[in-house]
Each structure stands twice: as structure tokens, then as C-alpha cells.
Amino acid sequence: MAIDSVDSPSSPSPPSSNFSQPRHFYLAVDRVQFKMETLVDLLGVAGRRSSLPVVLCCSSRDELDAVCSAINNLPNIYLASLYSDLAENERALILEKFRQGTSDWNRSITAHPGDNSENGNQDLKSSMIVVTDACLPLVASGESPISARLLINYELPTKKETYLRRMSTCLASDGIVINMVVGGEVVTLKNLEESSGLVIAEMPIHVSSICLLLCTFHMLLDKLNILLCADL
């Protein structure tokens, strides 16, 4: 397997107090073969929320390619990917378009607070970047963070520093993190939770019921809208 990852040269700053709020979740999948199917269903719901900015993190280029192939045809998501051999001008264009998508989301929740309607406008697709750890925004080199409202750790990092770097470079301070874990990865997740001081709660569903998963995710997004509007 081709690994497209790198550790940050310096330890990231500790997360802000906003990250200590109960906005970190893990979604336990019984078997690895169900992981991609669960992701597709999850994004099928998320993509119906107009302009929702989403970042999905992978540890390897192989997984990035597999994810992009599986979700490329979802109708309500504008998909882009960042990987090591991407041309610099293409990378800059992808990041700028994503930041524009974030601005669209901010405008929509400001103009229509509490509006939980689904996306019926193809011009307001959710913006999504799939990225490997090697290609996260290089804040130390002058790149600005990208403020996604939803960060999905499709591949769980084994190191606290990687987990925090994903947060600090990709997630808005009022965002939601969903960690997808399979089997024994729950142990790794708990180690990350203890070492980082974060509270990572299990999503309040039975994973075998995809209907409950989709309903619960709707509720999480509704709560995020309320939290965002309350800060305005």
C-alpha cells in the first residue's frame, strides 16, 4: 500500500476550548467491508445540506483513491482531492473554491437561521475535500486553514499530533468531528482521547441500523445549525 503521509515538523498548538465541547464522535463499523457503504450513506445525507463544507482525511493515497471512486457520483457534493503530486496551481484553486463554499455556508446560516431544508439547488452543492495527511494545509508555510463544519476521519490516525493537526488545519472551531472506526480501532481511539484530553462520544445509534444512522446525523447537523446561529 502506498502511504501518502507525513508528521507535522512541530507539535500543533493545543485545541481551543471550543474543541472540548461534545462535538467529537466516533462511528463504530462492525466489519471493514461495511465502512465504505456507511460513508456513502452518511455523505448522501450530508450532501443534501446546502453548501455544507466537509473535509475527509485519509492516511494513505490508496484509501484516498478508493474513497473518491466510491463517492464521485453523489449528486449533491462538489468533490475535490489533495494529494502529493497535485500541481501547485490546482491545489491553490481547490483550496480557494472550498473557502468560497465555506463563505456560502456562513451566509446561508446567517440569512436563514434554523433553516434545516435540504439542498435543491445544484449551485449550492456541499463542498468536500478528501485529503491525505501529507497534503493538509501548510499553515507554517503561509497557507490558511480551511474551516470545514464537518471533519470525517475515515482513517483514524494513531498519533495524537496527527489528530490535532487535522483539527487545527481543517476544522472550524464550531465544527463536528466524526471518526470512523472498525473493530479494534476503538482502543486506538480511546488512547487518542486520553492523550489529547478530548471527549469523543459514541454516536448514539446502533450501527447495524442505517436508518437510525441517517436520522441521527440529521439531528447532529440540526444541532450544529443551532450552535452556529447562537454565536451570531
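These are my notebook entries on a predicted model of one chain.

**Overall make-up**

I began with the secondary structure and counted six helices and seven strands in the chain. Reading from the N terminus, I wrote down the order of elements as β-α-β-α-β-α-β-β-α-β-α-β-α. I then looked up burial for the chain, which has 232 residues, and 47% of them count as buried. For contacts between residues at least 6 apart in sequence, I noted that 83% join residues at least 24 apart.

**Helix α4**

I turned next to α4, which spans residues 160-170. How many of the 11 residues of α4 are buried? I found eight, so the helix is largely enclosed by the rest of the structure. The buried ones I listed are Thr162, Tyr163, Leu164, Arg165, Arg166, Met167, Thr169 and Cys170. I also checked what these buried residues pack against. The strands on that list are β1 (24-29), β2 (53-58), β5 (148-153), β6 (171-182) and β7 (200-202), and helix α5 is on it as well.

I took Thr162 as a single case from this helix. Its relative accessibility is 12%, and the cut-off for buried is under 20%, so Thr162 counts as buried. I paired Thr162 with Ser59 and read a C-alpha to C-alpha distance of 9.7 Å, with their positions 103 residues apart in sequence.

**α4 against α5**

I looked at how α4 packs with α5, the helix of residues 185-196. The axes are 9 Å apart and the angle is about 75 degrees. Angles of 65 to 115 degrees count as roughly perpendicular, and α4 and α5 are therefore described that way. On the α4 side, I recorded Lys160, Tyr163 and Leu164 as the residues making the contact. On the α5 side, the contact residues are Leu192, Ser195 and Ser196. Sorted by class, I have three nonpolar, two polar and one charged residues in this contact. Tyr163 and Leu164 appear in this contact and also among the buried residues of α4.

**Glu202 in β7**

I located Glu202 in strand β7. Is Glu202 buried or partly exposed? I noted a relative accessibility of 44%, so Glu202 counts as partly exposed. Leaving out residues up to four places away in sequence, I found that Glu202 touches Phe25 and Tyr26. I also read the C-alpha separation of Glu202 and Ile178, which is 9.4 Å for residues 24 apart along the chain.

**Ala70 in α2**

I found Ala70 in helix α2, which covers residues 61-71. Ala70 has a relative accessible area of 34%, so I entered this residue as partly exposed. Which residues does Ala70 touch, not counting those up to four places away in sequence? I have Met36 and Val40. For Val40, I added the C-alpha distance to Ala70, which is 7.3 Å across 30 residues of chain.

**Rings and charges**

I searched for aromatic pairs and the structure holds zero. I then looked for charges over rings. The charged end of Arg61 sits over the ring of Tyr83, and I read 4.2 Å to the ring centre. Lys97 lies over the face of Tyr78, where I read 4.8 Å to the centre of the ring.

Terms used
Residues are numbered from 1 along each chain as its sequence is written. This is a predicted model: local features need pLDDT of at least 70, side-chain atom pairs count only at pLDDT 80 or more; totals for chains, interfaces and linings use all residues. Side-chain values use heavy atoms; hydrogens and water are left out. Helices (H or I, at least four residues) and strands (E, at least two) are DSSP runs, numbered from the N terminus. Buried means under 20% relative accessible area, exposed over 50%, partly exposed in between (1.4 Å probe, protein chains only). Contact means heavy atoms within 4.5 Å. Axes are lines fitted to C-alpha atoms, for helices over the stretch in contact, and angles run from 0 to 180 degrees between N-to-C directions. Angles under 35 degrees count as roughly parallel, over 145 as roughly antiparallel, 65 to 115 as roughly perpendicular and the rest as oblique. Ala, Val, Leu, Ile, Met, Phe, Trp, Tyr, Cys and Pro count as nonpolar, Asp, Glu, Lys and Arg as charged, and the others, Gly among them, as polar. Rings of Phe, Tyr and Trp (its six-membered ring) pair if their centres lie within 6.5 Å; planes under 30 degrees apart count as stacked, over 60 as edge-to-face and the rest as tilted. A charge sits over a ring if NZ of Lys or CZ of Arg is within 6 Å of the ring centre and within 35 degrees of the ring normal.
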